[in-house]
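Me: I am new to this structure and should be grateful for a close look at a single part of it. Please choose one region, describe how it is packed, and indicate how far the model may be trusted.

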Amino acid sequence: MGSSSSFRAFGAILHRFSNVFSSKCLKSFGVQRNSLVSRNLSSLSTYTSLCLYENKYIDDNLQLRKISTFPPVSMGRRSSKIAGRKGAQDAKKAKLYAVIGKEVVSAVKKGGPNPISNTALAAVLEKAKELDVPKEILDRNMKRASEKGQEAYIEKIYEVYGYGGVSMVVEVSTDKINRSVALVREVVKDYGGKMADPGSVMFKFRRARVVNVKVTDVDKDQLLAIALDSGAEDVIEPPMYEDDTEEDRSERYYKIVSSAENYTAILSKLREEKIKFEPDNGSELLPLTTIEVDDEAMDLNKELMSKLLELDDVDAVYIDQQ
């Protein structure tokens with residue numbers, strides 16, 4: 001995809017913190033397959049770039065599709081390690097449930113509680129099923145939507161400048177616009193950031209669907225083969241360090257990047273192969289390019305992001321920091 005991705009959103013997508021894209025194919029391994037010859041992916045060869053290629057002949061014209069994977073440089077340095085993995089996983093799940101809950105309320109407020117006649121609600125419930133959101137969460141928010149005084153949620157995006165020249169996008173879903181903007185501005189000011197003008201940051205990112213798979217739950221070559229077969233755009237490798245413990249490695253994730261059209265096919269293939277995975281909460285914003293900062297700026301940006309994500313109205317925070 002030719003872009004770099006850093007940490008995404010602490011809480012909702014914790015492992016977003018530790019993955020980036022690169023515009024170059026780095027030295028490692030790859031898979032090459034010609035679909036006219038064989039669909040056997042067991043033959044994996046080593047190349048100078050970490051790229052997957054698939055050749056297809058359509059109407060006698062050769063078309064080449066490339067999937068690239070990149071071992072990223074990320075904010076997961078020792079000075080920036082996030083303690084309390086269990087608490088972080090719980091926070092991530094709670095944020096996901098909150099996001100889906102707000103979407104349910106908004107859909108019911110706009111079109112009623114019947115998913116047969118309310119296509120927006122049907123789409124939310126289908127996404128909730130895809131994300132393994134418990135039924136009680138959905139039922140609770142269906143009921144809340146009918147409560148007196150409960151307003152529909154409105155989606156807003158705030159753009160922020162962090163330390164070291166990095167940019168952040170703050171995704172908000174709120175039933176009180178004045179409250180959300182006041183709280184976001186307060187956190188940004190208190191933690192050294194600066195609110196950016198609308199449109200001055202957003203163009204630096206693009207939206208995509210992402211599937212997260214623990215490195216301990218899958219063979220790398222197998223995952224790349226699945227990604228290729230399912231139409232994925234990229235596979236991002238997590239950072240690895242010489243002093244990593246087994247516990248450290250167990251918390252590393254591969255990220256399969258996909259278009260919305262191919263996302264379901266990827267999930268189905270992973271289930272078919274009995275590979276555990278964590279879906280995104282609808283989509284992620286991926287930076288087109290990244291900015292390298294020093295350790296101090298890195299830690300300050302992490303703190304700013306964490307404080308923003310503590311706000312109930314904030315669904316996700318994305319950054320173009322390397």
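Reply: A polar contact is a pair of N or O atoms within 3.5 Å; within protein, one must be able to donate a hydrogen and the other to accept it, and residues adjacent in sequence count only if both atoms are side-chain atoms. This is a predicted model, in which local features need pLDDT (the predictor's confidence in each residue, from 0 to 100) of at least 70 and side-chain atom pairs count only at pLDDT 80 or more, while totals for chains, interfaces and linings use all residues. Residues are numbered from 1 along each chain as its sequence is written, and side-chain values use heavy atoms, without hydrogens and water.

One such polar contact, of 2.7 Å, links the side chains of N141 and R144. N141 belongs to helix α3, residues 135-145 (helices, H or I of at least four residues, and strands, E of at least two, are DSSP runs numbered from the N terminus). With a relative accessible area of 7%, N141 is therefore buried (under 20%).

The part chosen for the close look is the largest nonpolar core, which has 20 residues (a core joins buried Ala, Val, Leu, Ile, Met, Phe, Trp, Tyr and Cys through side-chain atoms within 4.5 Å). M168, V170, V184, L308, V314 and V317 have the most contacts inside this core. Two or more residues come from each of β6, β7, α4, α8 and β14, and α8 gives the most, with six.

Helix α8 runs over residues 295-309 and reaches 21 Å from its first C-alpha to its last. Its buried residues include A297, M298, L304, M305, L308 and L309, together with the polar N301, K302 and S306.

V170 shows how the elements meet: beyond four places in sequence, V170 touches K156, I157, Y158, V160, L308, V314, A316 and V317 (heavy atoms within 4.5 Å).

Strands β6, β7 and β14 also belong to an open antiparallel sheet, ordered β8-β6-β7-β14. Its edge strands, β8 and β14, each pair on one side only (pairing requires at least two DSSP bridges). Five bridges join β7 and β14, and E171 stands opposite A316 in β14.

As to confidence, the mean pLDDT of the protein chain is 76. Strand β8 has the highest mean, 96, and strand β3 the lowest, 32. Over residues 1-58 pLDDT stays under 50, and over residues 64-83 it is likewise below 50. Where pLDDT is low, the predicted coordinates should not be read in detail.

Key. The expected span of a helix is 1.5 Å times one less than its number of residues. Buried means under 20% relative accessible area, exposed over 50%, partly exposed in between (1.4 Å probe, protein chains only).
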